[in-house]
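The exercises below ask you to read sheets, helices and side-chain packing from coordinates, and each is followed by a worked solution. Please keep the structure open while you work through them.

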Amino acid sequence: MRYSLGFVLALSLAGLQFIAILIVVLTSYVSSERAILDHARGLMDRAGANAAEHTKRFLEPATEVTEQARRILDSGLLSTADTAVMERYFFELLSIEPQLSGIYYGDEAGNFVYVMKSDGPGPYRTKLISIEAGQRTTEYIWRDAEYSVVDRSFDPADTYDPRRRPWYEDARGLAARIWTDPYIFFSSQQPGITVAAPIHDSAEVLRGVVGIDLDIADISLFLSDLTVGETGAAFILSDDGRVIAHPDPARIGVRNADGTMGFIGINDFSDPIVRAAFADFKAQLTVADQPVRSEFEFAGAPFMTLLLPIPDIDLPWNIAVFAPEADFIQGIRDNRVRNIWFAVMISAVTGAVGLALSELILRPVRAFAVRTALVSQGEVSTGDPLPRTYKELRAANATLIEEIAARRRLDVKLQELNRELSHVTRVNMMGQMATGLAHELSQPLTAISQNLDTALSIAKMEEPANGELISILSELDEQAHQGGDIIRALRSLMRKDKSSTQPFDFAELVGQTQRLLRQELEAGGIAVDVHIPPLRMVIGNRVQIAQVLINLLRNAIDAIVGADSDNRYIRISALQFETHVEVRVHDSGPGVDPDIVLFKEFKTSKPEGLGLGLSISRTIVETGGGQLWYDEGAHQFRFTVPCETL
Amino acid sequence: MTDDTPQAATVFLVDDDADVRASLSRALIKRGFQVVTFADALQFLEAYDPEQSGCLVLDYGLPEMDGLKLQQVLSERQIGIPIIFISGHGGVPETVQAIKGGAVDFLEKPFRQKVLVECIEAAFAADAEQRTRDKERILALSRFAKLTQREKEVANFMIANPSSTASKEIGRELNISPRTVDHHRARILEKMNIGSVAELINLSIPQSDRTV
């Protein structure tokens, strides 16, 4: 694990909640937008359908009234000859249906009855044209809501002939109810449309044509009430590309070249958005009678459009709806920004809470870590009570404490061994030096003493006896023997160190000496290979045997380090014999130089050595009843230690 | 027996130290000893003829083959020359081992010449005695070999049963008449050049040399 527990905890607590919030925000971001756009589509469809339905209903009364008038006049229930009755009938119809602006009847003779809504002097005006014996009379009658005459006048200059009018000609020509093209009244600037139906006598001979003027400005009014999003709009577009109704009625009128008024073409419409939206509406309309939905962009903003042919009317009109997407989803977008800020704030808060929580979770762990560090430095005893912490850590702690205690015990043992070793080594060293010196000195002393004896006997034989020479030689002989006594005293000093022998576990001693030499072994990069089968307890002076082992291992380490080879190991093996254990120490070094006299004091290959190690070791082993030797063939030092017998 | 005097005996000195060899041999020669010196054990083994009487003054701490080892080799070869160890080490364990191996003495260097001479003389005496015993034994053996088959049987029976040497018992056991036994006994004593049956038993001729 490269990261600290605190870092991981903080990261996962704060990071995970951040990711969670991010996912929620993102999914709602995408799904809400799509849902709202779907919803917007629905809103547009409903607005279009609404407008279409409204327009249809708006036109229906005109159709019905026309039908009713046609049937009454056709059937002769009402005489077309009686203008007063017709005027009254037309007046009644007009007052019932508010969207009708006028009803009229013209016959084949040129007679004409026309009742219309008027601005004054009365709310209704009747125009009567009667042709009698080639004499033409045109009379205007203004009436109030109670059908009382308000004013009347004649217009002899009037040349109006209903039979020349397009509605008359179309109805007669087609012999069926017709709609004229919509138009704009020159005087009122109001858009209108005329529905006309032919009247026949019983012989199916055309008598005249009844017509109704419909004021379609109210459609625009309705459209202006219709809300499509915030800034969207619905309007009516005829198949030939003219805007018939629009929420802003002032925009739809245009003056033609001949001075008459007409509906503006879509391509000349003053609103560039509308132009952009429906410039290609004809292409869209090729799909017959089906609503066409599409999108477009204007000035970088996305727009949605709907083109819906108005069903069940005889007119080639379409409802066109358009609205910027922003109208529907701006709220969502604003909301989303709010949500993101909200999420950021929540993230910050939960992040802080997460950090606090991780801190809370971590505190017992940290307390434990601090305690462990203190324990390892020895500032706190392992027996001190644990800080409050987790079960797992408690268990780990127990194991660690045990381990530490075991290691301490081992350390104490090792230190003890080390202390004893250095003492014993010192004593042995002194002893061995004494022995070595004694041996080396005893040789010349022997020669001196023997020669003196000989000289003395020669001197005694001479005649006359040289008393002085004899006495000198005698003294010298005594002095030589005094030297011998000193050497003997030195020897006995060494012999006094009769340390106690006891049974001990040899394998354990090998482990401990190995630990004592760990630093030197590691510094030399030397592996120690121990092959010790189960052995009986060996009997000897444990510390002295440890010194022998350490001595042999140190020699091996020095040999390996001096040889500078890649193969660096020491192999320690032991064999169980009937009465003793044989120990073998082999190293990867070059072996012993044949010129070196082994086991002899003051003979060494080491520049700083005294040459006592092996001789001390041999003395120790032999004093304990074993042997120490070098097996030249196997490059092994071997020694034996007595062991418990079966 | 006159040629086996101590003067004819030789001191064999083995010591790796030339000074010790020189001083010791000079001192001993001066005192009338016959001395041969060797620098190490192998040289001695090569040159020594077991017939030569004398003693071995042996340094304990020799290179290659040390004193103890040489003692062991001599013992294996059944060479009974008496050994006086001289040692610069002089540890108790070494001494014990050397004495166990049959050494006459163990002297720590430096030692007084008088002590050494006493040891040597004692060793010579021991060696001479040993050699005399050996000679008598060999003589007895050669005489025993001259006995006839029956005489050997009678002699063997007497050696094996020293408490029942009456002619009757022997005759019953060997199924011959006591008179014949008497005759054989007289012949045995005569051939072995001894006066009594007790002397025959004292010769203690080994069993292996008495096979019939």
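**Exercise 1. Describe the end of helix α7(A) and how this helix lies on its sheet.**

Solution. The model is a predicted one, and we begin at the end of the helix, where Gly378(A), just after α7(A), takes a positive phi of about 80°. Going back along the helix, which spans residues 325–377 of chain A, we find a kink of about 40° at Leu362(A), shortly before the proline Pro364(A). The next step is to look at what the helix covers: α7(A) lies across β14, β15 (301–309) and β16 of chain A, and it runs at about 35° to β16(A).

**Exercise 2. Work out the strand order and the edges of the sheet in chain A that contains β10 and β16.**

Solution. The sheet is open and has 5 strands, which follow one another in the order β11-β10-β16-β15-β14 (chain A) with antiparallel pairing. Because β11 (243–245) and β14 (292–298) of chain A each have a single partner strand, they stand at the edges, and one side of each is left without a neighbour in the sheet. Direction ignored, neighbouring strands of this sheet are turned by 35° against each other on average.

Within the sheet, strand β10 (residues 233–238) of chain A pairs with strand β16 (residues 317–324) of chain A in the antiparallel sense over 6 bridges, and Phe235(A) stands opposite Ala320(A) in β16(A). Helix α4 (residues 217–225) of chain A also packs on the sheet, where it touches β10, β11 and β16 of chain A, with a direction that makes about 150° with that of β10(A).

**Exercise 3. Carry out the same analysis for the sheet of chain B that has parallel pairing.**

Solution. Here 5 strands form an open sheet in the order β2-β1-β3-β4-β5 (chain B), and the pairing is parallel. The edges are taken by β2 (34–38) and β5 (105–108) of chain B, each of which has a single partner strand, so one side of each is left without a neighbour in the sheet. From one strand to the next the twist averages 20°.

As a sample of the pairing, strand β1 (residues 10–14) of chain B and strand β3 (residues 54–59) of chain B are joined in the parallel sense over 5 bridges, with Phe12(B) opposite Leu56(B) in β3(B). Two helices can then be placed on the sheet. Helix α1 (residues 18–30) of chain B lies across β1, β2 and β4 (83–87) of chain B and runs at about 170° to β2(B). Helix α5 (residues 113–146) of chain B touches β1, β3, β4 and β5 of chain B as it packs on the sheet, and its direction makes about 135° with that of β3(B).

**Exercise 4. Trace the two hairpins that involve β3(A).**

Solution. Start with strand β2 (residues 112–117) of chain A, which pairs with strand β3 (residues 124–132) of chain A in the antiparallel sense over 6 bridges; Val113(A) stands opposite Leu128(A) in β3(A), and the hairpin that joins β2(A) to β3(A) passes through 6 residues. Continue from β3(A) to strand β4 (residues 135–143) of chain A, to which it is joined by 9 antiparallel bridges. Glu132(A) has Gln135(A) as its bridge partner in β4(A), and the hairpin formed by β3(A) and β4(A) has 2 residues between the strands, with Ala133(A) in the turn at a positive phi of about 50°.

**Exercise 5. Examine the aromatic pairs, and state which of the rings Phe298(A) and Phe303(A) is buried and which is partly exposed.**

Solution. A search of the whole structure finds 25 aromatic pairs over all chains. One of them is the edge-to-face pair of Phe298(A) and Phe303(A), at 6.5 Å centre to centre and 80° between the planes. Phe298(A) is partly exposed, with a relative accessible area of 27%, whereas Phe303(A) is buried, at 6%. In chain B, Phe38(B) and Phe44(B) form an edge-to-face pair with 5.4 Å between the centres and 75° between the planes; Phe38(B) is buried at 8% relative accessible area, and Phe44(B) is buried at 0%.

Ring pairs also link Tyr104(A), Phe112(A), Tyr114(A), Tyr160(A), Trp167(A) and Tyr168(A) into a cluster. Finally, the ring of Tyr147(A) has the charged end of Arg88(A) over it, 4.5 Å from its centre, and the charged end of Arg143(A) likewise sits over the ring of Tyr147(A), 3.8 Å from its centre.

Definitions and conventions. Residues numbered from 1 in each chain as written. Chains lettered and ligands numbered in written order. Predicted model: local features only at pLDDT ≥ 70, side-chain atom pairs only at ≥ 80, totals over all residues. Heavy atoms only, no water. Phe/Tyr/Trp six-rings, centres within 6.5 Å; stacked < 30°, edge-to-face > 60°. Buried < 20%, exposed > 50% of the residue type's maximum accessible area, 1.4 Å probe, protein only. Lys NZ or Arg CZ within 6 Å of the ring centre and 35° of its normal. Pairing = 2+ DSSP bridges. Helix = DSSP H or I, 4+ residues; strand = E, 2+ residues; numbered from the N terminus. Axes fitted to C-alpha atoms, helices over the stretch in contact; angles between N-to-C directions. Contact = heavy atoms within 4.5 Å. Bend = angle between axes of the 7 residues up to and from the residue.
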